[in-house]
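Colleague: Please take a close look at a single part of this model. I should like to know how it is built, what surrounds it and which side-chain pairings it makes.

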Amino acid sequence: EAVLLDKAAAHLKTLQTVGPDEKTCAKALKWSKVTRPKEGREGPDGHSCPLEGCQLDNEMPGQIYEIDQNAVAEALKPLKGVVQGDADRWLFERLSEAVVASASDGAVWKS
């Protein structure tokens, strides 16, 4: 096993990352592209699913479906004064900036 692990580790070191560049990441990560639930697609609990064919009322065994509408705002409360405007958008933009900044280092992979 140790020989196989050594061979695998050596092979991994030879691989080159292939991923999107900064421009591609920046173009894809726009707030305007974030999907939002459509009117009239609410499930039994009043939440919506933006995907076609999504049926929230057809529960599957073991499935847990919970949405906390204020989770991001709650989590960012300690940053009061730093977070400007909509907490969801602020977090999305910070994460997007991190992705774009790391793209040139090969930290973003495309699957």
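**A close look at one helix**

Modeller: Ser-96 is a suitable place to begin, for it is buried, with a relative accessible area of 9% (buried means under 20%, exposed over 50% and partly exposed in between, with a 1.4 Å probe and protein chains only). The model is predicted, with local features requiring pLDDT of at least 70 and side-chain atom pairs pLDDT 80 or more, whereas totals for chains, interfaces and linings use all residues. Residues are numbered from 1 along each chain as its sequence is written, and side-chain values use heavy atoms, without hydrogens or water.

Ser-96 belongs to helix α4 (helices are DSSP runs of H or I with at least four residues, strands runs of E with at least two, both numbered from the N terminus). The chain as a whole has 4 helices and 0 strands, and from the N terminus on its elements run α-α-α-α.

Helix α4 covers residues 87–103; at 1.5 Å a residue its 17 residues should span 24 Å, and the end C-alpha atoms are indeed 24 Å apart, so the two values agree (the expected span is 1.5 Å times one less than the number of residues). At the start of α4, a side-chain oxygen of Asp-86 comes to within 3.2 Å of the backbone nitrogen of Asp-88. Such a polar contact is a pair of N or O atoms within 3.5 Å; within protein, one must be able to donate a hydrogen and the other to accept it, and residues adjacent in sequence count only if both atoms are side-chain atoms.

Which residues of α4 are buried? They are Ala-87, Trp-90, Ser-96, Ser-102 and Ala-103. Their cover includes α2 (22–28) and α3 (71–75). Helix α1 (residues 2–14) offers a contrast: of its 13 residues the number buried is 0, so α1 lies largely in the open. Helix α1 reaches 19 Å from its first C-alpha to its last, close to the 18 Å expected at 1.5 Å a residue. For the whole chain of 111 residues, the buried share is 14%.

Two serines on the buried list of α4 turn their side chains to backbone oxygens. The side chain of Ser-96 reaches the backbone oxygen of Phe-92 at 2.8 Å. Ser-102, also found in helix α4, has a polar side-chain atom 3.0 Å from the backbone oxygen of Ala-98, and its side chain reaches the backbone oxygen of Val-99 at 3.1 Å. Leaving aside residues up to four places away in sequence, Ser-102 touches Ala-107 and Val-108 (a contact means heavy atoms within 4.5 Å).

Phe-92 returns in another role. A search of the whole structure finds 1 aromatic pair (rings of Phe, Tyr and Trp, the last by its six-membered ring, pair if their centres lie within 6.5 Å; planes under 30 degrees apart are stacked, over 60 edge-to-face and the rest tilted). Trp-31 and Phe-92 form this pair, which is edge-to-face, with 5.4 Å from centre to centre and 65° between the planes. The pair links distant parts of the chain: Trp-31 sits in the loop between α2 and α3, Phe-92 in helix α4, 61 residues apart.

Charged side chains complete the account of α4. The whole structure holds 4 salt bridges (a side-chain nitrogen of Lys or Arg within 4 Å of a carboxyl oxygen of Asp or Glu). Arg-89 and Glu-93 meet in one at 2.8 Å, N to O; being 4 residues apart in helix α4, these two are separated by about one helical turn. An α-helix has 3.6 residues a turn, so residues three or four places apart point the same way. At 38% relative accessibility, Arg-89 counts as partly exposed, and Glu-93 is partly exposed as well, with 27%. Arg-94 and Glu-93 form a further salt bridge at 3.9 Å, N to O, and Arg-94 is partly exposed, with a relative accessible area of 29%. Salt bridges that share partners thus join Arg-89, Glu-93, Arg-94 and Glu-97 into one network.

Outside this network, the side chains of Lys-77 and Glu-74 meet in a salt bridge at 3.0 Å, N to O. Lys-77 counts as exposed, at 53% relative accessibility, while Glu-74 counts as partly exposed, at 45%.
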